[in-house]
Amino acid sequence: PTPKPTPIQATPAMPKALSPKASGHAVQVGAFKDRASADSVMRGLRAKGLPTYVSPPAAGSGGLFTVRVGPYSTRADADIVAARLRADKFKPYVIKQ
């Protein structure tokens with residue numbers, strides 16, 4: 001008898017993101033001193049179909065513009081997106097927002 005082929009592990013579907021202002025788990029992919037650099041990364045990720053936004057620094061903090069994907073309703077959903085971003089050579093981490 002012919003052996004049965006081993007099934008290929010399906011890649012999980014990309015989770016559905018919430019509104020950027022919603023509470024949940026976001027994936028931070030970068031932090032930049034200037035808005036133009038943050039916007040450039042955001043446009044590249046949006047071109048790949050990822051719901052990406054730039055979060056400005058807190059007023060008077062002199063901080064960084066952060067680029068985030070999401071947010072997602074669960075940590076597990078954000079982890080799926082972070083794994084995909086790691087495959088694209090990003091160094092993402094999941095944050096609670």
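Let's start at Arg75, which is partly exposed, with a relative accessible area of 45%. This is a predicted model, so keep that in mind as we walk through it. Arg75 has a partner: its side chain meets that of Asp79 in a salt bridge, 3.2 Å from N to O. Asp79 is partly exposed too, at a relative accessible area of 34%. Why are these two separated by about one helical turn? Because they sit four residues apart in helix α2.

Now for the background chemistry. Side chains of opposite charge can pair when their charged atoms come close. How many salt bridges does the structure hold? There are three, so let's visit the others.

Hop over to helix α1, which covers residues 35–47. Here Asp39 and Arg35 are four residues apart, about one turn of the helix. Their side chains meet in a salt bridge, with an N to O distance of 2.9 Å. Is Asp39 buried or exposed? Its relative accessibility is 18%, and because buried means under 20%, Asp39 counts as buried. Arg35, on the other hand, comes out at 37% relative accessibility and counts as partly exposed.

The next pair involves loops. Asp88 forms a salt bridge with Lys48, and the closest N and O atoms are 3.3 Å apart. Look at where each one lives: Asp88 is in the loop between α2 (75–87) and β4 (93–96), while Lys48 is in the loop between α1 and β2 (52–55), so this salt bridge ties together parts that are 40 residues apart in sequence. As for accessibility, Asp88 is partly exposed, with a relative accessible area of 38%. Lys48 reaches 52%, and because exposed means over 50%, Lys48 counts as exposed.

Last stop: Gln28, which you'll find in strand β1 (residues 25–32). Gln28 is buried, with a relative accessible area of 7%. What does its side chain touch through a polar contact? The answer is the side chain of Arg68, at 3.3 Å. If you set aside neighbours within four places in sequence, Gln28 is also in contact with Thr66 and Val67, as well as with Arg68 itself. The list continues with Lys91, Pro92, Tyr93 and Ile95. Tyr93 and Ile95 fall within the residue range of β4 (93–96), the strand that follows the loop holding Asp88.

Note on methods
Residues numbered from 1 in each chain as written. Predicted model: local features only at pLDDT ≥ 70, side-chain atom pairs only at ≥ 80, totals over all residues. Heavy atoms only, no water. Helix = DSSP H or I, 4+ residues; strand = E, 2+ residues; numbered from the N terminus. Buried < 20%, exposed > 50% of the residue type's maximum accessible area, 1.4 Å probe, protein only. Polar contact = N/O pair within 3.5 Å; in protein donor to acceptor, adjacent residues only side chain to side chain. Contact = heavy atoms within 4.5 Å. Salt bridge = Lys/Arg side-chain N within 4 Å of Asp/Glu carboxyl O.
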